[in-house]
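Thanks for coming. I will take a few minutes on one structure, and you can follow along on the screen.

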There are 4 protein chains.
Amino acid sequence: MGEFIWPVRVYYEDTDSGGVVYHANYLKFMERARSEWLRSLGFEQDALKNESGIIFAVRAISVDFRRPARFNQLLEVSARIGACGKASLSFEQHIRHNNELLCSGRVNIACLDAATLKAHPIPKHLLAQLSS
Amino acid sequence: MGEFIWPVRVYYEDTDSGGVVYHANYLKFMERARSEWLRSLGFEQDALKNESGIIFAVRAISVDFRRPARFNQLLEVSARIGACGKASLSFEQHIRHNNELLCSGRVNIACLDAATLKAHPIPKHLLAQLSS
Amino acid sequence: MGEFIWPVRVYYEDTDSGGVVYHANYLKFMERARSEWLRSLGFEQDALKNESGIIFAVRAISVDFRRPARFNQLLEVSARIGACGKASLSFEQHIRHNNELLCSGRVNIACLDAATLKAHPIPKHLLAQLSS
Amino acid sequence: MGEFIWPVRVYYEDTDSGGVVYHANYLKFMERARSEWLRSLGFEQDALKNESGIIFAVRAISVDFRRPARFNQLLEVSARIGACGKASLSFEQHIRHNNELLCSGRVNIACLDAATLKAHPIPKHLLAQLSS
């Protein structure tokens with residue numbers, strides 16, 4: 001599958017007194033891109049929870065912060081599937097500004113039973129799209 | 001009842017690129033003080049939910065931001081009950097640094113049924129303490 | 001001037017364990033709408049700071065939280081100027097979902113000298129647009 | 001050097017509608033522990049910036065999220081230096097609840113010139129303490 005791109009504007013809420021985006025907030029930007037990628041495939045997470053009883057949870061992250069993003073910049077946040085198991089996914093994600101790479105990360109996601117928070121197979125109709 | 005004081009340290013997470021605490025984050029500080037005031041009276045909010053089936057929700061706020069708080073400052077956040085109804089509470093709260101008033105607010109809280117999110121009377125054993 | 005509308009999607013980052021949007025985060029949504037309204041008039045806040053030496057700061061807020069917003073909803077956040085002084089502005093703002101009013105607020109904004117954080121007149125070319 | 005422990009209470013602000021602490025917020029908890037560890041050694045970050053012209057910035061993180069933390073829990077967040085270079089540090093950090101490991105991470109920190117945001121040697125009086 002190709003790379004999905006989601007634009008994210010930097011507001012004051014995202015910055016810190018160092019004058020740049022606060023490091024933990026890049027993780028929020030990456031999640032927004034993953035959510036919008038899933039929506040672009042036709043899957044709404046509230047429907048997946050209500051109808052299939054599953055939620056997605058972040059299991060591990062590894063992020064390099066190369067250059068700072070700043071207030072008011074319009075960033076491009078990418079999401080691409082790196083690997084896909086029966087009940088897990090990994091994403092490669094990049095954050096760029098004017099084609100300059102600011103931040104890159106690998107994010108491992110688990111598919112969980114929404115009630116028990118235990119591992120649950122990714123629904124087949126979703127898995128079929130992910131593998132295509 | 002007297003004024004309850006809770007110390008809050010300002011970390012990078014709380015600031016913005018204006019060099020000061022981001023305005024919405026003062027509301028988090030005020031909630032921390034309300035939570036710790038309730039704990040100081042012997043009430044844990046997770047127990048109130050599990051045993052009495054209630055949660056508290058913010059219904060209205062009115063806040064004046066007078067002077068900015070800055071990175072690394074140790075703030076004093078106060079909470080004092082202004083009024084107490086059957087299913088609602090209002091708090092007067094102040095945030096100070098070195099005795100200088102930075103921010104003051106009035107926060108109206110509703111007691112809700114945790115399942116339906118509809119108004120629910122404050123449990124009697126809690127109300128008795130609030131009125132004493 | 002008319003009402004400006006900005007769409008905001010609710011992500012996990014915005015919610016709390018009560019299952020709804022965390023109350024302080026509505027203030028972030030309102031600021032996003034004010035920023036985008038200003039951009040729609042042709043003003044970028046980083047340019048206003050660098051070229052005119054001013055920033056805008058929230059001086060006071062008054063917000064009613066009527067109904068909760070939930071994960072994955074697409075909200076409409078409005079901004080409309082209520083009053084405009086030499087160095088201050090006030091906004092009337094509403095947050096709606098499917099035309100249902102969830103939250104309404106009044107936000108008072110001060111125009112500040114970016115270096116001293118003291119009151120500074122709103123630049124004339126901006127004031128002219130606000131008054132039109 | 002030994003392991004430094006800092007207590008962190010989970011408030012609503014930290015949780016999400018999955019009922020657990022939002023993943024990016026563990027990074028905030030880890031930073032609080034690093035800041036308090038530095039303070040426990042006698043170093044205030046605002047003084048380091050004003051007097052030595054340096055700030056610390058997160059360069060890379062790698063975090064495993066093993067079990068969720070929940071509303072109202074009192075967590076223990078640890079910080080221990082794993083390696084120390086001329087202008088960089090790496091931390092091993094763990095988050096536990098009732099001695100159960102919830103989350104572990106490695107955080108690489110760069111010492112930067114506060115004005116240029118370029119690498120800057122760690123001040124000698126600080127480095128001496130870190131190496132002892």
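I will go through the interface of two chains, then a second interface, then the strands inside one chain, and end with salt bridges.

One thing to keep in mind from the start is that this is a predicted model.

Let me begin with chain A and chain D. On chain A, 21 residues are in contact with chain D, and chain D answers with 21 residues of its own. The two chains bury about 1,700 Å² between them. Of that area, 57% is on carbon and sulfur atoms. If you want to find the main contributors on chain A, look at A:His23, A:Ile61 and A:Phe65. Together they supply 27% of the area that chain A buries against chain D, and no other three residues supply more.

What about charge and polarity across this interface? The count of salt bridges between chain A and chain D is zero. There are, however, six residue pairs in polar contact between chain A and chain D, with both residues at pLDDT 80 or more.

Which elements of chain A give two or more residues to the side that touches chain D? They are helix H1, residues 25–40, and strand E2, residues 54–65. The largest share comes from E2(A), with eight residues. Sorted by class, this side of chain A has eleven nonpolar, three polar and seven charged residues.

Strand E2 also pairs across the interface. E2(A) and strand E2 of chain D, again residues 54–65, run antiparallel and are joined by five bridges. To place one of these on the screen, find A:Ile61, whose bridge partner in E2(D) is D:Val63. A:Ile61 is also one of the three residues I named for buried area.

Now the other interface, between chain C and chain B. Here 21 residues of chain C are in contact with 21 residues of chain B. Chain C and chain B bury about 1,700 Å² between them, with 58% of it on carbon and sulfur atoms. The top three on chain C are C:His23, C:Ile61 and C:Phe65, which supply 28% of the area that chain C buries against chain B, more than any other three residues.

The salt bridge count between chain C and chain B is zero. Six residue pairs are in polar contact across that interface, both residues being at pLDDT 80 or more. Helix H1 (25–40) and strand E2 (54–65) of chain C are the elements that give two or more residues to the side touching chain B. E2(C) gives the most, with eight residues. By class, that side of chain C has eleven nonpolar, three polar and seven charged residues.

The strands pair here too: five bridges join strand E2 of chain B to E2(C), and the two run antiparallel. In this pair B:Ile61 stands opposite C:Val63.

How are chain C and chain B related? A rotation of 180 degrees, with 0.0 Å of shift along its axis, superposes chain C on chain B with an RMSD of 0.0 Å. The two copies are therefore related as by a two-fold rotation axis. In chain C, the C-alpha nearest that axis belongs to C:Ser62, at 2.1 Å. As for the surfaces, 100% of the interface residues of chain C are also interface residues in chain B, so the copies meet through the same surface.

Next, the strands within chain A. E2(A), which we have just met at the interface with chain D, is joined to strand E5 of chain A, residues 100–113, by eleven bridges, and these strands run antiparallel. In this pairing A:Ala57 stands opposite A:Ala110.

E5(A) also pairs with strand E4 of chain A, residues 88–97, in the antiparallel sense over ten bridges. There A:Phe91 stands opposite A:Val107. E4(A) and E5(A) form a hairpin with two residues between the strands, and in that hairpin A:Asn98 takes a positive phi near 50 degrees.

Last, salt bridges. Side chains of opposite charge can pair when their charged atoms come close. Over all chains, the structure holds 24 salt bridges. One example is in chain A, where the side chains of A:Arg39 and A:Glu36 meet at 2.9 Å, N to O. Both residues lie in helix H1 of chain A, three residues apart, about one turn of the helix.

That is what I have; I will take questions now.

Definitions and conventions. Residues are numbered from 1 along each chain as its sequence is written. Chains are lettered from A and ligands numbered from 1 in the order in which they are written. This is a predicted model: local features need pLDDT of at least 70, side-chain atom pairs count only at pLDDT 80 or more; totals for chains, interfaces and linings use all residues. Side-chain values use heavy atoms; hydrogens and water are left out. Contact means heavy atoms within 4.5 Å. Buried area is the accessible area (1.4 Å probe) that two parts lose on being put together, summed over both. A salt bridge is a side-chain nitrogen of Lys or Arg within 4 Å of a carboxyl oxygen of Asp or Glu. A polar contact is a pair of N or O atoms within 3.5 Å; within protein, one must be able to donate a hydrogen and the other to accept it, and residues adjacent in sequence count only if both atoms are side-chain atoms. Helices (H or I, at least four residues) and strands (E, at least two) are DSSP runs, numbered from the N terminus. Ala, Val, Leu, Ile, Met, Phe, Trp, Tyr, Cys and Pro count as nonpolar, Asp, Glu, Lys and Arg as charged, and the others, Gly among them, as polar. Two strands pair if DSSP finds at least two bridges between them. Copies are superposed by least squares on the C-alpha atoms of residues with pLDDT of at least 70 in both.
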